[in-house]
Amino acid sequence: MSSKSTSEHDHTGETTAPYGSGPSPQASTPRKKVRIHHLRELKDRGEPWPMLTAYDMYTAALFDEAGIPVLLVGDSAANNVFGYDTSLPVTVDELLPLVRAVTRSVSRALVVADLPFGSYQLSPEQALATAVRFMKEGRAQAVKLEGGQHFAAHVEALTSAGVPVMGHIGFTPQSEHNLGGYRVQGRGEAGEQLLADAIALQEAGAFAVVMEMVPAEVAKRVTHELRIPTIGIGAGSDCDAQVLVWQDMAGLRTGKAPRFVKRYADLAGALSGAARAFADEVRRGEFPAPEHAFH
Ligand SMILES: Nc1nc(=O)c2c([nH]1)NC[C@@H]1CN(c3ccc(C(=O)N[C@@H](CCC(=O)O)C(=O)O)cc3)CN21
Ligand SMILES: CC(C)C(=O)C(=O)O
Ligand SMILES: [Mg+2]
């Protein structure tokens, strides 16, 4: 990766530091709306960046303030919001209000809407019709869809209509039944196909590609071959960016998380402690105290 230092002027005439530049921690927080070319600049400078899922107002606003440049309203809302056991059942009508809540709540982060199973696979026309709903009704800045070479025409239909597209290859949860469960993809011979898929997405106009559960060596090679950023989840440290589902990252998910997850907090413990403390105080007659009441 080359090192390139730029500072640019936008239509306001204001000079802005590129995202992630500068010596202080604050400097890594973008002061204005993150745009797609910022992500490409970060790749060119070799500066890794974070992406998180978000599905509602508080998380979106907090992650935006924390300097997460890209938020994904994932179809993983199926598991992590709606309580389905796979991502397959979730619909556009269920996801749209979440996308709208997130876009309403951020000032800087780029918001990507994940196209759910069945909402784009039928044809490039279907993909465009669905993407248009997420852009117009959800006010998303980009959409994401799962698939490689076979979906190049879909990606091209979207990008040529002005819809920025993020690809997603490797383990693609919407195809879990076809892939035989939650398994690492792209080992051995399949690594060549993964690279071909990534290149096909780039050539079709995708602005970034998620690689989920692929060997770190393969992800590294794809990352070096592509001009557009790669975003890893269980794909090692050589991707241009890293994404996690926020409930996994913050320890809200109970039960065993996938191996690629690191927990940075114990929200499950904190929330369950708060609920128990509230319940105890109500049962003991300690809450509400006089200062919580009106007289
Ligand atoms: N909370 C959450 N986190 C996710 O990362 C996530 C979702 N939900 N929902 C949609 C998909 C499903 N994903 C998953 C779900 C489970 C594993 C998992 O259990 N992995 C095991 C087994 C891997 C193997 O056998 O090779 C692991 O230990 O990583 C992986 C990805 C990723 N996505
Ligand atoms: C894990 C990310 C990449 C995703 O697709 C989702 O959350 O739906
Ligand atoms: Mg998804």
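In this predicted model, helix α8, which spans residues 190–203, packs with its axis within 10 Å of that of α9, and the two axes cross at roughly 30°. Because angles under 35 degrees count as roughly parallel, α8 is described as roughly parallel to α9. The crossing of this pair is right-handed. Two packed helices are described in just these terms, by the angle between their axes and the distance between the axes.

The approach to α9 brings us to a backbone feature worth a look. M213 sits in the loop that links β8 (208–212) to α9 (216–225), and its phi is near 50°, a positive value in a residue other than glycine. Most residues other than glycine have a negative phi. M213 has 22 other C-beta atoms within 10 Å, and is therefore buried, the threshold being 20 or more.

R139 offers a second case. Its phi is near 60°, again positive in a residue that is not glycine, and R139 lies in the loop between α5 (124–136) and β6 (142–144). What is the exposure class of R139? With 14 C-beta neighbours inside 10 Å, R139 counts as partly exposed.

A further backbone feature is found towards the end of the chain. The peptide bond from F287 to P288 is cis, with omega near 5°, although most peptide bonds are trans. P288 belongs to the segment that follows α11 (267–283). As for the domains, the protein chain is divided into domain 1, covering 8–264, and domain 2, covering 269–295. The C-alpha centres of domain 1 and domain 2 are 40 Å apart.

Turning to the ligands, which residues come nearest to ligand 1? Of the 15 residues around ligand 1, these are S76, Y182, V245, P258 and R259. The elements giving two or more residues to this shell are α3 (77–80) and α10 (246–249). Sorted by class, the shell around ligand 1 holds six nonpolar, five polar and four charged residues.

The surroundings of ligand 2 can be read in a similar way. Residues T53, L72, G74, D75, S76, D114, H168, V210, I233, V243 and V245 surround ligand 2. By class, this shell has five nonpolar, four polar and two charged residues. S76 and V245 are listed around ligand 2, and S76 and V245 are also among the residues that come nearest to ligand 1.

Conventions: Residues numbered from 1 in each chain as written. Chains lettered and ligands numbered in written order. Predicted model: local features only at pLDDT ≥ 70, side-chain atom pairs only at ≥ 80, totals over all residues. Near = placed C-beta within 6 Å. Nonpolar A, V, L, I, M, F, W, Y, C, P; charged D, E, K, R; others polar. Domains from an automatic or database assignment. Helix = DSSP H or I, 4+ residues; strand = E, 2+ residues; numbered from the N terminus. Buried ≥ 20, exposed ≤ 12 C-beta atoms within 10 Å, placed from the backbone. Axes fitted to C-alpha atoms, helices over the stretch in contact; angles between N-to-C directions. Parallel < 35°, antiparallel > 145°, perpendicular 65-115°, else oblique. Left-handed = near helix turned anticlockwise from the far one by under 90°.
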